[in-house]
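I opened this structure to look up a handful of local features and to write down each one as I went. The entries below follow the order in which I took the topics.

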Amino acid sequence: MSDSNEDNGSLASAEYWEAAANGWALHQEFFRRFTAPVSERLVNMLALEPGQRVLELAAGIGDTGFLAAARILPGGVLVCSDRAESMLSGARARAQELGIDNVEFSVLDAEWIDLPVASVDRVLCRWGYMLMTDIGAALRETRRVLRPDGKLALAAWDSLAHNPWAREPGAVLAERGLTSPSAADGPGPFALGDSERLRTMLADAGFGEIEIDAIDLVESHSDFDSFFDIRLDISRSFHDAVMSQPEAVITEIRAELQDRLAQYTAADGSLAIPGRTLVAVATA
Ligand SMILES: C[S@@+](CC[C@H](N)C(=O)[O-])C[C@H]1O[C@@H](n2cnc3c(N)ncnc32)[C@H](O)[C@@H]1O
């Protein structure tokens with residue numbers, strides 16, 4: 001899943017995501033499996049048609065857009081973009097693996113999109129906007145590049161209360177003073193985790209016909225070690241907070257987190273941890 005620790009300064013920085021790209025590429029199978037319902041839903045919300053130009057913002061290693069690429073053939077083009085070049089390297093490799101050739105790759109900052117006015121038919125953004133320093137600017141930029149009546153589909157995590165996969169590791173670190181509490185309205189995984197705030201921000205950016213829904217997900221692992229190791233690999237802030245500690249403290253952190261996750265652990269040791277994301281579609 002997305003990053004869990006609310007070190008917002010680093011989550012909003014380009015360097016953070018450049019450094020996170022290896023872990024995301026390493027665990028892409030795991031990530032793809034449990035996020036598939038969200039990608040599917042976003043792409044369905046866009047009502048895609050052959051020949052359209054689709055922009056994916058903050059694409060990471062690119063999965064959601066690749067699903068869209070198949071649905072705009074013949075003649076359609078996907079622009080797969082992210083601010084982190086290392087994320088796009090993972091996306092290029094994945095596109096090649098899938099044999100997708102109606103895709104262009106572009107390093108783009110969603111808060112200042114280097115594309116002409118009214119140049120795309122659809123925009124996709126899964127778990128990107130809430131990490132941006134100025135979400136309003138990114139939404140206004142999105143609307144600027146959309147053609148009239150173009151559509152945006154986005155996903156943003158629901159509140160932390162609905163996402164124990166992030167809440168519990170964050171709580172263990174916070175209790176030890178290893179993370180700074182997040183600013184309620186600052187950038188971070190849960191910054192848009194209030195559907196009314198999301199609706200208002202979309203409307204303020206000029207979008208109409210806004211529909212917002214929630215999707216429940218389950219993060220499954222064969223055992224606690226799998227959860228812990230993947231978390232270390234995909235979350236740079238969790239990794240740095242944990243791995244900067246002496247061996248004995250790391251052992252304690254593991255034990256505390258395992259205890260907190262006991263309620264999601266089956267008798268055979270496997271984990272099924274709930275998560276919930278908001279999904280929204282809006283017309284430009
Ligand atoms: C949580 S990951 C999500 C990746 C992908 N959309 C997915 O769902 O798997 C967040 C992504 O947002 C990108 N990002 C963060 N701020 C950005 C910005 N201002 N403009 C473009 N991309 C940004 C990061 O580089 C990272 O790839």
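**Entry 1: backbone at two alanines**

I began with alanine 47, which is partly exposed at a relative accessible area of 40%. I keep in mind throughout that the model is a predicted one. I then asked where alanine 47 sits, and found it in the loop between H3 and strand S1, the strand covering 53-56. Its phi drew my attention, since the angle of alanine 47 is near 45°, a positive value in a residue other than glycine.

I looked up alanine 58 next, and there too phi is positive in a residue other than glycine, with a value near 50°. Alanine 58 belongs to the loop between S1 and H4, and its relative accessibility of 25% makes it count as partly exposed.

**Entry 2: a cis peptide bond**

Still on the backbone, I checked the peptide bond that runs from leucine 73 to proline 74, and I noted it as cis, with omega near -5°. Proline 74 is placed in the loop between H4 and strand S2, which spans 77-82.

**Entry 3: H3 against H4**

How do the axes of H3 and H4 cross, and within what distance do they come? I read that helix H3 (residues 28-45) and helix H4 (residues 63-71) have axes that come within 9 Å and cross at roughly 45°. H3 is therefore oblique to H4, and I recorded their crossing as right-handed. On the H3 side I listed Arg32, Ser39, Glu40, Leu42, Val43 and Asn44 as making the contact, and on the H4 side Asp63, Thr64, Leu67, Ala68 and Arg71. Sorted by class, the residues of this contact divide into four nonpolar, three polar and four charged.

**Entry 4: H7 against H11**

I repeated the look-up for H7 and helix H11 (residues 247-260), whose axes come within 9 Å and cross at roughly 135°. H7 and H11 are therefore oblique to each other, and H7 passes H11 in a right-handed crossing. The residues that meet here are Glu168, Pro169, Ala171, Val172, Leu173 and Glu175 in H7, with Ile253, Glu256, Leu257 and Arg260 in H11. For the class count of this contact I wrote down six nonpolar, no polar and four charged residues.

One residue of that list, proline 169, I followed further, as it lies within helix H7 (residues 164-175). Is proline 169 buried or exposed? With 0% relative accessibility, proline 169 counts as buried. I also noted that proline 169 and glutamine 258, although 89 residues apart in sequence, are 9.5 Å apart in space from C-alpha to C-alpha.

**Entry 5: cysteines**

How many disulfides does a search of the whole structure find? The search returns zero disulfides. Cysteine 80 is in no disulfide, and the nearest cysteine sulfur to it, that of cysteine 125, is 12 Å away. A pair of sulfur atoms would have to be within 2.5 Å to count as a disulfide. Cysteine 125 is likewise in no disulfide, its nearest cysteine sulfur being that of cysteine 80 at 12 Å. I added the accessibilities as well: cysteine 80 is buried, with a relative accessible area of 0%, and cysteine 125 counts as buried at 0% relative accessibility.

**Entry 6: leucine 202 and glutamate 209**

Leucine 202 has its place in helix H8 (residues 195-204), and it is buried, with a relative accessible area of 0%. Which residues does leucine 202 touch, not counting those up to four places away in sequence? I listed Leu139, Leu152, Leu154, Phe207, Ile210, Ala280 and Ala282. I recorded a separation of 9.5 Å between the C-alpha atoms of leucine 202 and arginine 143, which are 59 residues apart along the chain.

I closed with glutamate 209, which is found in strand S6 (residues 208-221) and is exposed, with a relative accessible area of 64%. Leaving out residues up to four places away in sequence, glutamate 209 touches Val281, Ala282 and Thr283. For glutamate 209 and valine 281, 72 residues apart in sequence, I noted a C-alpha to C-alpha distance of 8.0 Å.

How values were computed
Residues numbered from 1 in each chain as written. Predicted model: local features only at pLDDT ≥ 70, side-chain atom pairs only at ≥ 80, totals over all residues. Heavy atoms only, no water. Axes fitted to C-alpha atoms, helices over the stretch in contact; angles between N-to-C directions. Helix = DSSP H or I, 4+ residues; strand = E, 2+ residues; numbered from the N terminus. Parallel < 35°, antiparallel > 145°, perpendicular 65-115°, else oblique. Left-handed = near helix turned anticlockwise from the far one by under 90°. Contact = heavy atoms within 4.5 Å. Nonpolar A, V, L, I, M, F, W, Y, C, P; charged D, E, K, R; others polar. Buried < 20%, exposed > 50% of the residue type's maximum accessible area, 1.4 Å probe, protein only.
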